[in-house]
There are 2 protein chains.
Amino acid sequence: MTGTPEATRAAAALPPVHVVGTGLIGTSIGLALTSAGARVTLADQSETSAALARDLGAGSLDAPAEPGLVVVATPPDVAPRQVLAALHQHPGAVVTDVASVKQAILRDLVRSGEDIGRYLGSHPMAGRERSGAISARADLFEGRAWVLCPHEATTDAAVAAVAELARATGAAVSTLSPAEHDAAVAAVSHVPQVAASLVAARLEPLADEALGLAGQGLRDVTRIAASDPGLWTQILAGNAPAVARLLREVAVDLTGLVEALEALGADADDVADAPGARAVLARAVAAGNAGHARIPGKHGAAPTSYEIVRVVVDDQPGQLARLLADIGEAGINLEELRLDHGLGLPFGVAEVSVLPAAAGPLGEALTALGWQLHG
Amino acid sequence: MTGTPEATRAAAALPPVHVVGTGLIGTSIGLALTSAGARVTLADQSETSAALARDLGAGSLDAPAEPGLVVVATPPDVAPRQVLAALHQHPGAVVTDVASVKQAILRDLVRSGEDIGRYLGSHPMAGRERSGAISARADLFEGRAWVLCPHEATTDAAVAAVAELARATGAAVSTLSPAEHDAAVAAVSHVPQVAASLVAARLEPLADEALGLAGQGLRDVTRIAASDPGLWTQILAGNAPAVARLLREVAVDLTGLVEALEALGADADDVADAPGARAVLARAVAAGNAGHARIPGKHGAAPTSYEIVRVVVDDQPGQLARLLADIGEAGINLEELRLDHGLGLPFGVAEVSVLPAAAGPLGEALTALGWQLHG
C-alpha cells in the first residue's frame, strides 16, 4: 500500500489536500495520497461515510486550515455547487472535480459569473463495480490515466497542482480540453458499451442450439454487456451530446450496410451482381481495420502486431502453469494469453501472443518439450 | 495427428468418402478422416491443388469407385452444381456441402426439381485466416461444432451418415434447419463482426491523447475488427438476408438510443428531467444483460458466473508462470486468465477467473505466497 517512488516524490510537493465527498473515488484518492505521505482532510454530507473514510486511513476530519488543493469527488449534479463553495471558502486553493463528464460542469461554472481561474476539471480513468468508501483502494489509480481538462481561464499554477495530485496517486497525466475529453470517453468507452449491449440483446431470443455456435469473437464483443444498467444510464446520460453524436455516425454507417445487404439479399440468385453493395461492406470492414490499428499497445506504446502461437492444454489445474513455465524458461516474454475452451472437449487451446520474431523459436521450443501446437 | 477414440470409432463406421474441392476445408476434412482411418478420395478442378492435398496425406486421387458419402467443399456459388453432379454420378451416395451459408444453396437445389433426399447441407464452425490446401490441418475441427441442416426431404440415413462424418473429424454435431443456421451465425458471428467494425471506425479520427484512454473494454469489443475485408465481404454477402434482418433490429434500437440521448443533451441544464429517455438507456443495457447471460460457458455447459481475482504481475518472463504454478499448487482450477497492462507502468494485472467458491481461498493462498492482490 505504499506508493511508487514517483508518487512519493509528487506527494511530498503537495500542499494540504481537502477531499469533498468520501465515496469510492474520493476515499481512494485520500488513501492513495495518505499512503504516499501527503496531508489529507475529508468532508462528506454523510457523517457516517466521512467517519468510515477516516477510519480506513483516507485522512482526517479536522476542519481544513489552509488547503492548497480541494478535490470535489461528488456526483456530477452537485459538483458545480461544491466547486464554487470551495473557491469561496478557500481563496488560496486550487480546485478540481473528478466527475466522468467535463463539459456540463464547466458550463454551469462559467454561467455563475465567478472567477474560475483556480479551477480545472479532471477525470481519473479508474473505477470499480462497487461503490462507497468501503470499496475504496489506495492503488485504484496506479497506472491509470488521469485526464486534466483546463479551460481558457485556468492558471498554469492550477494545472501544475492537479498534475502533481494525479501523479501522487500513481496515475499517468494526460491533458485534453473538456470537449475533447467528453468526445474521447464517448468513443473509447461509451459507444463500445452501447454496441456490446445491442449485439448481446440479439442473443436473447435464440435457441440453445444456435447459442452453442458461439465462439471467442462473440464472447469478446459482448463481455462488457454484463455491466450494470443503473450505472450506465448515469454515464450515458451524463455524456449525452458526445455519445449521441458518435452513435448517429454509427447509425448512418449501419443504415448503409443494411441497405447494401438487402440489395444483395434481393439479388441472391446471382451473387455476382450488386458490386456497389459489396463495396459498401468492404469499406465498412476496412474502416474498422483502420480504427483498430490506432489502439495503443502495451504500456501506451505504438500499436504492435503480435503473432499467436496456439497450444493444446489439458483442462486440469497446473497444466497452464507448466506451459507458462516452459515459455518463461525459453526466455520469451509473453504479451497476452487467452484460453479458448473447445466445445465439449476436455482440453482448451491457449493462444499465446508474442512478438513476431519470437513465434518461431517459441513453437520449436514448445514442440521439443512435448506440447502439441494447434491450428 | 491421430484422432480421438470417438473419432476413430466414427471413421471405422464410414463408407469410402469422396471430397470435391481441396481448399482449406476440403483438405482438412481429408486429413482428419485419413488420420482417423477412413478411406478418402479427392478431386479438384485444379490438378495442382488436388495433387498437393494428396501429397499432404489427405487422400488418393484414384477415381472413386463407389463412395458412400460425397463432401462438396467448394465456394458457395458453385456448390449447388457440384451437389447435383455428385447425386447423379454416385446414385448410392449421401451428399453434403460445407459452405458457411445454407439457405441459398438449398433453394437452388430445390429449384432444380431433382430428388435431393440423399442431400443435406452442413457447416463445420472452423476456419483459419489463411486459405488453400497448404494451410490445412487434420485437427481443424477438433472440439468445434459441425452443424447439420437437413431439409424436409432429407432421409434419416443421410443425416446419420453426415453426423458420423463430422464425429470422425473430432467435431461435435449440432442440428439446425437451414434458416435457423443462417439466423444463428448471423447473430453469433456476423452481427458481432459488423458491430466491432463500426465501433473501431469511430477511433480513426481521434487524437493520440484520446486513444491513450483506451481500456480493456474497447480492446475486447474491437478485437475482431482487425479481420480481412475481402473475406468478410463474402461472408456477409452470402448471408445477406439474415444479417440484414438482425442489423435492422440493431438500427431500430440504436435510433431509439440516439433520440433519447439527444433529448437528454438538449435538457442538460436539468439532468433530473427526461425520465422517459433514461428508461430507454436502462432498457437497452438491461436487454444486453439478458442476452449476454445466454452465452454458454466452458464446454457448452450452462453459463457460469466466475469471480475475478486480480493479481499484480511484474512484466517479466516467468512471473506469470510462477503465478499460475502457485494457483495450480493451491489446487484451484483456472477458468480464464486475462492480462491488463497498466498504462506506462512496468507491471500488469492478471485477472484470474475462478468459480465463486474458489475466489476467497485463492486470494488467501496467493497473499500468503507474497502476491499483491489488486483492486
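Start in chain B of this predicted model, where strand β1 (residues 17–20) runs parallel to β2(B), the two being joined over 4 bridges. One place to look is Val20(B), which sits across from Ala43(B) in β2(B).

Those two strands belong to a bigger arrangement: an open sheet of 4 strands in chain B, ordered β2-β1-β3-β4, with parallel pairing. At the edges you'll find β2 (40–43) and β4 (94–97) of chain B; each has a single partner strand, so one side of each has no neighbour in the sheet. The sheet isn't flat either: ignoring direction, neighbouring strands are turned by 20 degrees against each other on average. Packed on this sheet is helix α6(B), which touches β1, β3 (69–72) and β4 of chain B. Its direction makes about 55 degrees with that of β4(B).

Now follow the chain to another pair of strands. In chain B, β6 (residues 145–149) and β7 (residues 172–175) also pair in the parallel sense, again over 4 bridges. How does the chain get from β6(B) to β7(B)? It passes through helix α6 (residues 156–168) of chain B, making a right-handed β-α-β crossover. So α6(B) turns up twice on this tour, as the connection between β6(B) and β7(B) and as the helix packed on the sheet.

Within the β6–β7 pair, Trp146(B) stands opposite Val173(B) in β7(B). That tryptophan is worth a second look. Is Trp146(B) buried or exposed? With 0% relative accessibility, and under 20% being the cut-off for buried, Trp146(B) counts as buried. Phe141(B) is buried too, at a relative accessible area of 0%. Together, Phe141(B) and Trp146(B) make a tilted aromatic pair, with 5.4 Å from centre to centre and 45 degrees between the planes.

Over all chains there are 2 aromatic pairs. In chain A, the rings of Phe141(A) and Trp146(A) have centres 5.4 Å apart and planes at 45 degrees; that angle is neither under 30 nor over 60, so this pair is tilted. Phe141(A) is buried at 0% relative accessibility, and Trp146(A) is buried at 0% as well.

Finally, step back and take in chain A as a whole. Its secondary structure comes to 14 helices and 10 strands. Of its 375 residues, 54% are buried. Among contacts in chain A with a separation of 6 or more, 69% are between residues 24 or more positions apart. On the outside, chain A exposes about 15,000 Å², and carbon and sulfur atoms supply 54% of that area.

Terms used
Residues are numbered from 1 along each chain as its sequence is written. Chains are lettered from A and ligands numbered from 1 in the order in which they are written. This is a predicted model: local features need pLDDT of at least 70, side-chain atom pairs count only at pLDDT 80 or more; totals for chains, interfaces and linings use all residues. Side-chain values use heavy atoms; hydrogens and water are left out. Two strands pair if DSSP finds at least two bridges between them. A crossover is right-handed if, with the strands pointing away from the viewer, the path from the first strand over the helix to the second runs clockwise. Axes are lines fitted to C-alpha atoms, for helices over the stretch in contact, and angles run from 0 to 180 degrees between N-to-C directions. Contact means heavy atoms within 4.5 Å. Buried means under 20% relative accessible area, exposed over 50%, partly exposed in between (1.4 Å probe, protein chains only). Accessible areas come from the Shrake-Rupley method with a 1.4 Å probe; for residues, only the protein chains shown count as cover. Rings of Phe, Tyr and Trp (its six-membered ring) pair if their centres lie within 6.5 Å; planes under 30 degrees apart count as stacked, over 60 as edge-to-face and the rest as tilted.
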